[in-house]
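Reader: Please take a close look at one chain of this model for me, at its partner as far as that helps, and give the cut-offs behind each term as you go.

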Amino acid sequence: MLQTLLGITHDELDLTTLVRLVTGGDRQLPGRHGAIVTFLGTVRGENRGRRVVKLEYQAYEPLAVRAFELIAAEVADAWPDARLALHHRIGTLGPGEVSVAIVAASPHRAEGFRACRYAIERVKQIAPIWKREVFEDGETWIEGSTADPSDSAARQAAYERACR
Amino acid sequence: MQITIRLFARLRDIAGTPELERDLPEGATVEMAWQVLAGEFPAMAPYRGSLSAAVNAEYARFTRTLSDQDEVVFLPPVSGG
(Lines give C-alpha, C1' and ligand atoms only; values in the text may rest on other atoms or scores of the structure.)
Protein backbone atom coordinates (compact mmCIF):
# COMPACT_ATOMS: atom_id res chain seq x y z
CA MET A 1 0.00 0.00 0.00
CA LEU A 2 1.36 3.42 -0.99
CA GLN A 3 2.31 5.57 1.98
CA THR A 4 3.04 8.76 0.04
CA LEU A 5 0.55 11.54 -0.73
CA LEU A 6 1.11 11.14 -4.46
CA GLY A 7 1.79 7.91 -6.29
CA ILE A 8 1.22 5.15 -8.82
CA THR A 9 0.57 1.57 -7.75
CA HIS A 10 -0.48 -1.85 -9.03
CA ASP A 11 -2.32 -2.47 -5.75
CA GLU A 12 -5.95 -1.89 -4.94
CA LEU A 13 -6.57 1.72 -3.90
CA ASP A 14 -7.72 2.42 -0.37
CA LEU A 15 -9.56 5.64 0.39
CA THR A 16 -9.08 5.34 4.15
CA THR A 17 -5.30 5.34 3.64
CA LEU A 18 -5.49 8.50 1.52
CA VAL A 19 -7.64 10.26 4.12
CA ARG A 20 -5.16 9.30 6.84
CA LEU A 21 -2.22 10.48 4.72
CA VAL A 22 -3.82 13.83 3.88
CA THR A 23 -4.77 14.61 7.48
CA GLY A 24 -1.61 13.04 8.98
CA GLY A 25 -0.05 16.44 9.53
CA ASP A 26 -2.95 17.57 11.71
CA ARG A 27 -1.62 16.17 14.97
CA GLN A 28 -0.61 19.58 16.27
CA LEU A 29 -4.02 20.99 15.46
CA PRO A 30 -6.60 18.19 15.18
CA GLY A 31 -9.56 19.17 13.04
CA ARG A 32 -7.68 21.88 11.14
CA HIS A 33 -9.51 20.55 8.08
CA GLY A 34 -13.25 21.11 8.32
CA ALA A 35 -13.85 19.36 5.01
CA ILE A 36 -12.41 16.25 3.38
CA VAL A 37 -13.62 15.84 -0.20
CA THR A 38 -13.00 12.51 -1.92
CA PHE A 39 -13.19 11.35 -5.52
CA LEU A 40 -12.99 7.78 -6.81
CA GLY A 41 -12.76 7.10 -10.52
CA THR A 42 -14.08 3.63 -11.35
CA VAL A 43 -14.09 1.43 -14.44
CA ARG A 44 -17.37 1.72 -16.37
CA GLY A 45 -18.75 -1.59 -17.57
CA GLU A 46 -20.06 0.00 -20.74
CA ASN A 47 -18.66 2.67 -23.04
CA ARG A 48 -20.35 4.10 -26.15
CA GLY A 49 -22.76 1.19 -26.21
CA ARG A 50 -20.16 -1.59 -25.95
CA ARG A 51 -19.63 -3.83 -22.95
CA VAL A 52 -16.18 -3.30 -21.42
CA VAL A 53 -14.50 -6.52 -20.24
CA LYS A 54 -11.49 -4.78 -18.65
CA LEU A 55 -9.19 -1.78 -18.87
CA GLU A 56 -5.41 -2.05 -19.12
CA TYR A 57 -3.56 0.95 -17.70
CA GLN A 58 0.06 1.90 -18.45
CA ALA A 59 2.00 4.80 -16.94
CA TYR A 60 5.41 6.34 -17.36
CA GLU A 61 5.74 6.19 -13.61
CA PRO A 62 8.50 8.70 -12.75
CA LEU A 63 6.91 11.38 -14.95
CA ALA A 64 3.41 10.56 -13.68
CA VAL A 65 4.57 11.21 -10.11
CA ARG A 66 6.19 14.41 -11.36
CA ALA A 67 2.85 15.38 -12.97
CA PHE A 68 1.05 14.73 -9.67
CA GLU A 69 3.60 16.99 -7.92
CA LEU A 70 2.89 19.73 -10.47
CA ILE A 71 -0.86 19.31 -9.90
CA ALA A 72 -0.41 19.48 -6.11
CA ALA A 73 1.65 22.68 -6.54
CA GLU A 74 -1.06 24.19 -8.77
CA VAL A 75 -3.68 23.31 -6.16
CA ALA A 76 -1.56 24.92 -3.43
CA ASP A 77 -1.25 28.00 -5.62
CA ALA A 78 -5.02 28.32 -6.22
CA TRP A 79 -6.27 27.13 -2.79
CA PRO A 80 -3.41 27.63 -0.31
CA ASP A 81 -5.22 25.97 2.62
CA ALA A 82 -6.11 22.79 0.70
CA ARG A 83 -3.99 19.64 0.95
CA LEU A 84 -4.08 16.93 -1.70
CA ALA A 85 -3.52 13.18 -1.88
CA LEU A 86 -3.68 11.42 -5.26
CA HIS A 87 -3.15 7.75 -6.09
CA HIS A 88 -3.59 6.17 -9.53
CA ARG A 89 -3.70 2.44 -10.11
CA ILE A 90 -2.22 0.77 -13.20
CA GLY A 91 -2.36 -2.74 -14.63
CA THR A 92 -5.54 -4.64 -15.48
CA LEU A 93 -8.80 -3.46 -13.88
CA GLY A 94 -12.28 -4.90 -14.21
CA PRO A 95 -15.63 -3.06 -14.25
CA GLY A 96 -16.34 -1.35 -10.93
CA GLU A 97 -12.72 -1.32 -9.76
CA VAL A 98 -11.19 1.97 -8.62
CA SER A 99 -8.56 3.41 -10.98
CA VAL A 100 -7.94 6.76 -9.31
CA ALA A 101 -8.48 8.12 -5.79
CA ILE A 102 -8.19 11.79 -4.83
CA VAL A 103 -8.63 13.39 -1.44
CA ALA A 104 -8.62 17.14 -0.83
CA ALA A 105 -8.71 18.39 2.74
CA SER A 106 -9.36 22.04 3.54
CA PRO A 107 -10.71 24.25 6.33
CA HIS A 108 -13.98 24.83 4.42
CA ARG A 109 -15.88 22.72 1.88
CA ALA A 110 -15.86 25.13 -1.07
CA GLU A 111 -12.10 25.00 -1.69
CA GLY A 112 -12.03 21.25 -0.95
CA PHE A 113 -14.57 20.49 -3.70
CA ARG A 114 -12.76 22.82 -6.10
CA ALA A 115 -9.31 21.41 -5.39
CA CYS A 116 -10.57 17.84 -5.83
CA ARG A 117 -12.30 18.58 -9.14
CA TYR A 118 -9.32 20.55 -10.41
CA ALA A 119 -6.97 17.68 -9.59
CA ILE A 120 -8.92 15.06 -11.58
CA GLU A 121 -9.28 17.44 -14.54
CA ARG A 122 -5.51 17.99 -14.56
CA VAL A 123 -4.77 14.26 -14.23
CA LYS A 124 -6.78 13.71 -17.39
CA GLN A 125 -4.95 16.54 -19.17
CA ILE A 126 -1.29 15.98 -18.31
CA ALA A 127 -0.52 12.73 -16.45
CA PRO A 128 1.38 10.25 -18.66
CA ILE A 129 -1.11 7.43 -18.09
CA TRP A 130 -2.96 5.49 -20.81
CA LYS A 131 -5.83 3.03 -20.83
CA ARG A 132 -6.79 0.37 -23.32
CA GLU A 133 -10.44 -0.67 -23.37
CA VAL A 134 -10.90 -4.37 -23.98
CA PHE A 135 -14.34 -5.32 -25.33
CA GLU A 136 -15.75 -8.77 -26.03
CA ASP A 137 -14.94 -8.28 -29.70
CA GLY A 138 -11.92 -5.99 -29.84
CA GLU A 139 -9.78 -3.47 -28.03
CA THR A 140 -8.69 0.13 -28.41
CA TRP A 141 -6.31 2.62 -26.77
CA ILE A 142 -8.15 5.67 -25.50
CA GLU A 143 -6.40 8.83 -26.65
CA GLY A 144 -7.41 12.07 -24.92
CA SER A 145 -5.29 15.17 -24.37
CA THR A 146 -1.82 16.04 -25.58
CA ALA A 147 0.11 16.13 -22.30
CA ASP A 148 1.53 19.63 -22.02
CA PRO A 149 1.70 21.08 -18.50
CA SER A 150 2.70 24.49 -19.86
CA ASP A 151 -0.53 24.79 -21.89
CA SER A 152 -2.12 27.65 -19.94
CA ALA A 153 -5.44 27.40 -21.81
CA ALA A 154 -5.87 23.80 -20.63
CA ARG A 155 -4.96 24.79 -17.09
CA GLN A 156 -7.48 27.64 -17.18
CA ALA A 157 -10.17 25.28 -18.53
CA ALA A 158 -9.56 22.89 -15.62
CA TYR A 159 -9.79 25.79 -13.18
CA GLU A 160 -13.09 26.97 -14.66
CA ARG A 161 -14.56 23.46 -14.51
CA ALA A 162 -13.51 23.27 -10.86
CA CYS A 163 -15.13 26.59 -9.97
CA ARG A 164 -18.42 26.60 -11.82
CA MET B 1 25.90 9.01 -28.88
CA GLN B 2 23.47 6.43 -27.57
CA ILE B 3 19.97 7.22 -26.36
CA THR B 4 17.17 5.06 -25.01
CA ILE B 5 13.68 5.58 -26.39
CA ARG B 6 10.78 4.35 -24.26
CA LEU B 7 7.34 3.84 -25.73
CA PHE B 8 3.84 3.54 -24.30
CA ALA B 9 0.33 2.63 -25.42
CA ARG B 10 -0.23 2.63 -29.21
CA LEU B 11 3.38 3.58 -29.94
CA ARG B 12 4.57 0.54 -27.97
CA ASP B 13 2.18 -1.70 -29.89
CA ILE B 14 3.36 -0.31 -33.24
CA ALA B 15 7.04 -0.85 -32.36
CA GLY B 16 6.35 -4.21 -30.73
CA THR B 17 8.72 -3.32 -27.87
CA PRO B 18 8.68 -0.97 -24.85
CA GLU B 19 12.24 0.23 -25.34
CA LEU B 20 14.75 0.88 -28.13
CA GLU B 21 18.36 2.03 -28.16
CA ARG B 22 19.53 4.18 -31.04
CA ASP B 23 22.72 5.97 -32.07
CA LEU B 24 22.23 9.65 -32.87
CA PRO B 25 24.76 12.28 -33.94
CA GLU B 26 26.08 14.70 -31.31
CA GLY B 27 23.75 17.68 -30.93
CA ALA B 28 20.67 15.72 -32.00
CA THR B 29 17.32 17.01 -30.70
CA VAL B 30 14.17 15.26 -29.49
CA GLU B 31 12.69 16.04 -32.93
CA MET B 32 15.56 14.18 -34.65
CA ALA B 33 15.04 11.17 -32.39
CA TRP B 34 11.37 11.20 -33.42
CA GLN B 35 12.30 11.39 -37.12
CA VAL B 36 14.48 8.28 -36.72
CA LEU B 37 11.66 6.46 -34.97
CA ALA B 38 8.94 7.51 -37.42
CA GLY B 39 11.27 6.55 -40.28
CA GLU B 40 11.52 3.04 -38.89
CA PHE B 41 7.84 2.78 -38.02
CA PRO B 42 5.84 4.84 -40.55
CA ALA B 43 2.57 4.01 -38.72
CA MET B 44 3.79 6.35 -35.96
CA ALA B 45 4.19 9.38 -38.24
CA PRO B 46 0.57 10.63 -37.94
CA TYR B 47 1.05 10.98 -34.16
CA ARG B 48 3.49 13.89 -34.48
CA GLY B 49 0.75 16.55 -34.16
CA SER B 50 -0.67 15.18 -30.91
CA LEU B 51 2.54 14.02 -29.27
CA SER B 52 4.47 15.39 -26.32
CA ALA B 53 7.87 14.33 -25.08
CA ALA B 54 9.94 13.81 -21.96
CA VAL B 55 13.68 13.53 -21.38
CA ASN B 56 14.95 11.79 -18.24
CA ALA B 57 11.50 11.91 -16.62
CA GLU B 58 10.91 15.65 -17.18
CA TYR B 59 8.57 17.12 -19.79
CA ALA B 60 10.65 18.38 -22.73
CA ARG B 61 10.23 20.38 -25.94
CA PHE B 62 11.02 18.82 -29.31
CA THR B 63 13.77 21.43 -29.74
CA ARG B 64 15.61 20.10 -26.66
CA THR B 65 19.18 18.96 -27.42
CA LEU B 66 19.96 15.43 -26.23
CA SER B 67 23.04 14.08 -24.47
CA ASP B 68 24.62 10.64 -24.48
CA GLN B 69 22.63 8.10 -22.38
CA ASP B 70 19.50 10.27 -22.27
CA GLU B 71 16.14 8.54 -21.93
CA VAL B 72 13.61 9.97 -24.37
CA VAL B 73 9.92 9.19 -24.06
CA PHE B 74 7.28 10.04 -26.64
CA LEU B 75 3.86 10.47 -25.06
CA PRO B 76 0.79 9.76 -27.19
CA PRO B 77 -2.38 11.59 -26.05
CA VAL B 78 -3.01 10.60 -22.45
CA SER B 79 -6.11 8.95 -20.97
CA GLY B 80 -5.62 8.58 -17.24
CA GLY B 81 -8.45 8.70 -14.75
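Author: What follows looks at chain B, beginning with its overall build and ending with a short view of its partner. This is a predicted model, in which local features need pLDDT of at least 70 and side-chain atom pairs count only at pLDDT 80 or more, while totals for chains, interfaces and linings use all residues. Residues are numbered from 1 along each chain as its sequence is written, and chains are lettered from A and ligands numbered from 1 in the order in which they are written.

Two helices and five strands make up the secondary structure of chain B, where helices (H or I, at least four residues) and strands (E, at least two) are DSSP runs numbered from the N terminus. Read from the N terminus, their order is β-α-β-α-β-β-β. Taken along the principal axes, the C-alpha atoms of chain B fill a box of roughly 35 × 25 × 20 Å. The radius of gyration of chain B is 12 Å, which agrees with the value near 12 Å that a compact globule of 81 residues would have; this radius is taken over C-alpha atoms, and the globule rule is 2.2 Å times the number of residues to the power 0.38.

Of the 81 residues of chain B, 33% count as buried, a term that applies if 20 or more other C-beta atoms, placed from the backbone, lie within 10 Å of the residue's own, with exposed standing for 12 or fewer and partly exposed for what falls in between. Two residues are in contact if their C-beta atoms, placed from the backbone, lie within 7 Å, and of the contacts in chain B with a separation of 6 or more, 54% join residues 24 or more positions apart.

B:A53 offers a view from inside, for this residue of strand β3 of chain B is buried, with 20 other C-beta atoms within 10 Å. Not counting residues up to four places away in sequence, B:A53 touches B:V30, B:A60, B:F62, B:V72, B:V73, B:F74 and B:L75. B:V78, 25 residues from B:A53 in sequence, is 12 Å from B:A53 in space, C-alpha to C-alpha. In the loop between β3 and β4 of chain B lies B:A57, which is partly exposed, with 17 other C-beta atoms within 10 Å, and whose phi is near 65 degrees, a positive value in a residue other than glycine.

Turning to the partner, 17 residues of chain B are in contact with 26 residues of chain A. On the side of chain B that touches chain A, α1 (9–15), β3 (52–55), β4 (58–60) and β5 (71–75) each supply at least two residues. By class, that side has ten nonpolar, five polar and two charged residues, where Ala, Val, Leu, Ile, Met, Phe, Trp, Tyr, Cys and Pro count as nonpolar, Asp, Glu, Lys and Arg as charged, and the others, Gly among them, as polar.

B:P77, in the segment after β5 of chain B, has neighbours in both chains: leaving aside residues up to four places away in sequence, B:P77 touches A:E143, A:G144, A:S145, A:T146 and B:S50. B:P77 is partly exposed, with 18 other C-beta atoms within 10 Å. B:P77 and B:Y47 are 30 residues apart in sequence but 8.8 Å apart in space, C-alpha to C-alpha.

As for chain A, the axes of helix α2 (residues 61–78) and helix α3 (residues 109–126) come within 10 Å and cross at roughly 145 degrees, the axes being lines fitted to C-alpha atoms over the stretch in contact, with angles running from 0 to 180 degrees between N-to-C directions. A:A67, A:I71, A:E74, A:V75 and A:A78 of α2(A) make this contact with A:A115, A:Y118, A:A119, A:R122, A:V123 and A:I126 of α3(A); by class, the contact has nine nonpolar, no polar and two charged residues. Leaving aside its neighbours within four places in sequence, A:A119 is in contact with A:I71, A:V75, A:L84, A:L86, A:I102 and A:A104.
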